[in-house]
Amino acid sequence: MSWRVIVGTLSLVVTMILLGYVAVTEQDRMANFATAYQARQIEAGAALFETNCSPCHGLNGQGTGLAPALNTPDLLTNGTRLSQIGWAGTLQDFLLTTISGGRPRASAAFSQYPQRMPTWSQDYGGPLRDDQIQDIVDYVMNWAPAWENVTPEPTPTIVPVGTDITQKLPTGDPAAGQAEVQSAGCTACHISQGGAATVGPNWQPASDNNNQGIGTRSPLRIKAADYHGKATTGDQYIFESIVAPDAYIVPGNPTYAPAGQSIMPHTFATQLSAQNIADVIAYLDTIK
């Protein structure tokens with residue numbers, strides 16, 4: 001047997017071994033590739049969600065006064081929310097369809113929110129590509145495993161504060177009030193981000209409000225010629241603005257066409273307790 005035959009045989013054996021190794025490990029390699037690719041999609045979706053979705057749905061999907069929570073078991077795991085609206089498809093298809101085409105008509109379960117979900121896909125006149133929509137879907141779906149096998153805690157029962165702004169409130173805690181407005185997403189509409197215009201009245205001192213914060217402005221509002229609310233003190237004005245947002249709409253601020261109502265959520269009178277309101281007022285009074 002010549003050396004050429006020996007080399008050729010060894011080369012063939014080595015080639016077969018390498019091919020066999022690649023064949024055996026190909027599934028693991030492709031699985032790792034798919035995992036890495038999905039991770040990149042989720043990361044891209046997180047950035048898109050923060051920019052486009054968090055102002056209404058909250059940074060972590062916890063919901064705000066403008067839109068419902070997404071990071072919840074009733075949406076992501078037990079299917080309660082999908083059954084409420086009669087959706088028979090998969091959760092992923094629901095998210096993809098809703099984000100792409102929006103929600104021009106609110107479902108009965110979420111009719112209290114002042115604004116409808118806009119369209120986001122370029123196919124429906126929105127700003128995002130199909131791959132970007134899918135990235136957001138993957139990011140939201142990424143929350144689901146955390147809710148698996150978790151029994152939702154019952155919603156704590158509160159005594160709603162109602163709309164009587166003359167009632168005596170308990171002593172408020174500014175720190176608790178700040179946490180409350182952040183949790184409810186109020187800052188998305190009332191705190192300027194980097195100097196940008198706010199959706200509702202800016203709580204902070206700014207040039208468009210004589211460099212006065214809401215804590216200074218609130219008692220001045222009730223003395224304005226165009227004020228038609230019922231408040232007689234600054235704290236009552238803030239109280240009224242929260243529980244009866246149509247009592248006085250600051251000139252130049254947006255309304256909900258065609259009804260002419262404030263786009264401020266109209267549900268806080270039934271969602272918040274007297275202590276919640278007192279805490280929020282105490283916090284807003286610190287913004288001078």
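These legends go with a handful of close-up views of a predicted model.

**View 1. The largest nonpolar core and its best-connected members.** This core holds 28 residues, and the ones touching the most other members are W203, Y237, I242, V243, I277 and L284. Helices that chip in two or more residues apiece are α7 (174–184), α10 (234–243), α11 (268–271) and α12 (274–284). As a bit of background, nonpolar side chains in soluble globular proteins tend to be buried together.

**View 2. A closer look at I277 and its contacts.** Leaving aside residues up to four places away in sequence, I277 touches V161, L169, F239, I242, V243 and L272. Of these neighbours, I242 and V243 also appear in the list of core members with the most contacts.

**View 3. A second core, separate from the one above.** It is made of 21 residues, with L91, I133, V140 and W143 among them.

**View 4. Helix α9 and its buried side.** In α9 (residues 214–221), the buried residues are I214, G215, R217 and S218. They span an arc of only 160° around the axis, so they sit on the same side of α9. Among the things covering these buried residues are α10 and α12.

**View 5. A nonpolar patch out on the surface.** Here L12, M16 and L19 get together, and their accessible area adds up to about 330 Å². L19 belongs to helix α1, which runs over residues 3–52. With 52% relative accessibility, L19 counts as exposed, because the cut-off for that label is over 50%.

Terms used: Residues numbered from 1 in each chain as written. Predicted model: local features only at pLDDT ≥ 70, side-chain atom pairs only at ≥ 80, totals over all residues. Heavy atoms only, no water. Core = buried A, V, L, I, M, F, W, Y, C linked by side-chain atoms within 4.5 Å. Buried < 20%, exposed > 50% of the residue type's maximum accessible area, 1.4 Å probe, protein only. Helix = DSSP H or I, 4+ residues; strand = E, 2+ residues; numbered from the N terminus. Contact = heavy atoms within 4.5 Å. Patch = residues over 30% accessible without salt bridge, like charges linked within 9 Å, V, L, I, M, F, W, Y side chains within 5 Å. Areas by Shrake-Rupley, 256 points an atom, 1.4 Å probe, with all protein chains shown as cover. Salt bridge = Lys/Arg side-chain N within 4 Å of Asp/Glu carboxyl O. Arc of directions from axis to C-beta.
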